[in-house]
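User: I am new to this structure and would like a close look at a single part of it, the metal site, followed by whatever charged contacts help to place it in context. Please take me through it carefully.

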Amino acid sequence: MRNKEIADIFNEIADMLSIEDTATSKFEVRAYKNAALTIGTLQEPIEDIYHAGGIEALMKLPGIGRGLAEKIAEYIDHGRIDKHESLKKKYPINFSELTQLEGMGAKRAVLLYKSLGVKDIASLSKAIEAHRIRNLPGFGDKSESQLQESIRLYESGKGRILLGDALPIAESMIDKMLKSGLFKKAVLAGSTRRMRETVGDIDILAISDKPESCMGFFVGMDDVEKPIVKGPTKTTVWLKIGTSCDLRVIKPESFGAAQQYFIGSKEHNIEVRKIAIKKGYKLNEYGLFDSKGRIISSLDEADIYKKLGMEYVPPEMREARGEIELALEHRLPNLVELSDIKGDMHTHTLETDGANTIGEMAEAAIQNGLTYFATTNHTKSLNIAHGMNDRQFAAFFKKVDALNDKLDGKIKILKGAEIDILKNGALDLEAKTIKSMDCPVGAVHSAFNMDRDSMTKRVVRAMDSGMMRIFAHPTGRVINGREGYDIDLERIAEAAERNNVALEINSFPDRLDLNDTNILRLSEYKVLFSIDTDSHRTSHFKFLRYGVGTARRGWLTKGRVLNTRTYSEVMKLLKGNA
Ligand code: DGT
Ligand code: CA
Ligand code: CA
């Protein structure tokens, strides 16, 4: 799947064009950025679309005109885009690296390049150490230390990519392997299989009569940048998306044991092995054996757990956080599943910073199997997202009413907003407007550096208004981007309990907020969780599986998740009548 590679290149072209700052380049910048978003969030491989329907098929994608479609084709056919190559010669700046730093846009990167010759993070670090930044116009002492902090955060997350980037690639590779006819089986293992929010490398297990041909096929795949180690049973390659991938070809008779071993986590495995030892057995990636070395189980993972006196542990729970004890007592929770989710409580439209109309969002929600969703645009304080005021919400809700009539129950749209929780804890709309809604979501989008107590009081006050029904992305963190604000989640959960507010699990791949450990902690409270996509375009509904994966890693059952309820049950809960 070439989607991310092409999206990254388009973003880089846009960054470089933004330096030129002419009228045509401004238009082009927007076109490239918009196309990058479309391609980056497509869930099917873009090369499949191109190979099936050519340039014309690419032009059917939102925001892709002929010019851009030809650029995509150029990349798929030749592995490079001429325009990109010539821009790179003109501006030898590592944009994709530098713009990952918080507070570093393309403009600042260019300024740093022109005045100090900064090309990448390494040269930026040197400039910071020499205190050469603070004298530049538009920078100061403070931005120097902020940049240093961003670099620290970047370095700590380096090497781990988002699950949302790894999983679609891994699935598409496995799909191609199976279609090649060389593989009898190919399955995902490792952290990607456990739905960990970031992934150090991708692990694939396979069965085949022709392991050598499998390895040959693997290293020759489109997604591969270069082989790292090629061996007859294990091969490692570096992928173009910026991570490595291990393929292990194993014997069919140890398939179950190998899965148990390579799904991990290592910590879980160590605990499971101790249980085997206690029973006088030996467990490794080839099987479960008795003291005489006779095989007890190896074909099937579930059977291995069974022979150890344990319940089958879902991969998402295998982190040695207490699941072993529960499995031994046969008391594992029945985890929520993607198919349990009936609605989405947090989505946007082009009235604010979304890319699609409410009609298009409704159509996409239907396609994704939902029976209701809340439309929750930003409110007026959030200027960068074109937040709406009370009057604009009233007008928009009339439109939603009309659409609901037209849809005639095919899907129900709940009226809502993602209401800014202002610095003093007030909600950013009139009470009258909020009371006219089905689903008022509250969220923090400003003054992130408040101290813990003030931030907690701010949100508690918003909840105590009694008007908020969902608290969106409760910590505000962005994975590999920024640490969340400082907030006392226990006090937030108490306020949520008291005020009938559900805590969100935001499914956006770089948010996943609440994360697994926070969910585990907060499920002690009598609160419901809401697994939302925060969709800003129709393709984002597909992110739901990352939210569900995170909820499963936090051990949630269906009963704990608000939007597993039917439309009428949810409406009752939102009104506080359930
Ligand atoms: P990652 O790649 O850092 O996101 O995390 P994993 O869990 O995918 O780790 P990885 O790729 O190093 O290894 C895959 C699995 O193989 C791991 O989850 C458990 C198993 N494994 C690897 N090394 C060891 C080990 O030394 N002992 C045990 N018991 N299992 C191991
Ligand atoms: Ca791995
Ligand atoms: Ca690995």
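Analyst: In this predicted model, Asp 203 has a relative accessible area of 10%, and because buried means under 20%, Asp 203 counts as buried. Asp 203 also takes part in holding a metal, since the calcium ion (ligand 2) is coordinated by Asp 203 through OD and by Asp 201 through both O and OD, at 2.1 to 2.6 Å. Around the calcium ion (ligand 2) there are 6 donor atoms, and the angles they subtend run from 70 to 169 degrees, which makes the arrangement irregular. For reference, the ideal angles for six octahedral donors are 90 or 180 degrees. Asp 201 has a further role in the geometry of the site, as Asp 201 bridges the calcium ion (ligand 2) and the calcium ion (ligand 3), and these two ions lie 3.7 Å apart.

Turning from the metal site to the charged side chains, a search of the whole structure finds 38 salt bridges, and a few of them can be followed in detail. One of these joins Lys 4 to Asp 8, with the closest N and O atoms 3.1 Å apart; both residues belong to helix H1 (residues 3-20), where they sit 4 residues apart, about one turn of the helix. Lys 4 is partly exposed at a relative accessible area of 24%, and Asp 8 is likewise partly exposed, at 34%.

A similar spacing is found in helix H20 (residues 452-464), where Asp 453 and Lys 457 are 4 residues apart and therefore separated by about one helical turn. Their salt bridge brings the closest N and O atoms to 2.8 Å, and Asp 453 is partly exposed, with a relative accessible area of 35%.

Salt bridges that share partners also join Arg 194, Glu 319, Arg 321, Asp 516 and Arg 553 into one network.

Another pair is formed by the side chains of Lys 399 and Glu 351, which meet in a salt bridge at 2.6 Å, N to O. This pair links distant parts of the chain, with Lys 399 in helix H18 (residues 390-407) and Glu 351, 48 residues apart from it, in the loop between strand S11 (343-344) and helix H17 (358-367). Lys 399 is partly exposed, with a relative accessible area of 45%, and Glu 351 is partly exposed as well, at 25%.

Methods
Residues numbered from 1 in each chain as written. Chains lettered and ligands numbered in written order. Predicted model: local features only at pLDDT ≥ 70, side-chain atom pairs only at ≥ 80, totals over all residues. Heavy atoms only, no water. Donors = N, O, S within 2.8 Å, 3.2 Å for Na, K, Ca; no water. Tetrahedral: all angles 85-135°; square planar, octahedral: opposite > 155°, others 65-115°. Buried < 20%, exposed > 50% of the residue type's maximum accessible area, 1.4 Å probe, protein only. Salt bridge = Lys/Arg side-chain N within 4 Å of Asp/Glu carboxyl O. Helix = DSSP H or I, 4+ residues; strand = E, 2+ residues; numbered from the N terminus.
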